[in-house]
Amino acid sequence: WLMGHPLSMQLRWASLWHDIGCREAICIEDRTIADAVFLRLLKEAGVGKYRRLAMWAAVRVYGFWTWRFRQ
């Protein structure tokens, strides 16, 4: 929400794929791939470099935190 609503037209596709990738992740490598796909889709959507990297960093930190408690 800080960087934009995940359902805005510009972010929707990246957010959707990231959420599906994270939900289906079996191991930490799957989660890393979902984050990388998220970053790439943000770039393709035309999200600026610093905003894109900030969003990617946020999902990496959040994912690391939640993954620790998932196991």
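Which helices each supply at least two residues of the nonpolar patch? They are α1 (12-24) and α2 (28-44), and the views below show where these helices fit in. This is a predicted model, in which local features need pLDDT of at least 70, side-chain atom pairs count only at pLDDT 80 or more, and totals for chains, interfaces and linings use all residues. Residues are numbered from 1 along each chain as its sequence is written, and side-chain values use heavy atoms, with hydrogens and water left out.

**View 1. The overall fold follows the pattern α-α-α.** You will find three helices and zero strands here; helices (H or I, at least four residues) and strands (E, at least two) are DSSP runs, numbered from the N terminus. Of the 71 residues, 25% are buried. Buried means under 20% relative accessible area, exposed over 50%, and partly exposed in between (1.4 Å probe, protein chains only).

**View 2. A nonpolar patch of about 520 Å² lies on the surface.** Trp13, Leu16, Trp17, Ile33 and Val37 make this patch, and α1 gives the most, with three residues. Patch members have over 30% relative accessible area and no salt bridge; like charges are joined within 9 Å, nonpolar side chains (Val, Leu, Ile, Met, Phe, Trp, Tyr) within 5 Å. Areas come from the Shrake-Rupley method with a 1.4 Å probe, and for residues only the protein chains shown count as cover. Trp13 sits in helix α1 and counts as exposed because its relative accessibility is 53%.

**View 3. Eight residues form the largest nonpolar core.** Its members are Leu11, Ala14, Phe38, Leu41, Leu42, Val47, Met55 and Val59. Both α2 and α3 (49-70) supply at least two residues of this core, with the largest share, three residues, coming from α2. A nonpolar core is a set of buried Ala, Val, Leu, Ile, Met, Phe, Trp, Tyr and Cys residues joined through side-chain atoms within 4.5 Å. Not counting residues up to four places away in sequence, Leu42 touches Leu11, Ala14, Val47, Arg52 and Met55; contact means heavy atoms within 4.5 Å.

**View 4. Arg60 and Asp35 meet in a salt bridge, at 2.8 Å from N to O.** Arg60 belongs to helix α3 and Asp35 to helix α2, so the pair ties together parts that are 25 residues apart in sequence. A salt bridge is a side-chain nitrogen of Lys or Arg within 4 Å of a carboxyl oxygen of Asp or Glu. Asp35 counts as buried, at 1% relative accessibility, while Arg60 is partly exposed at 30%.
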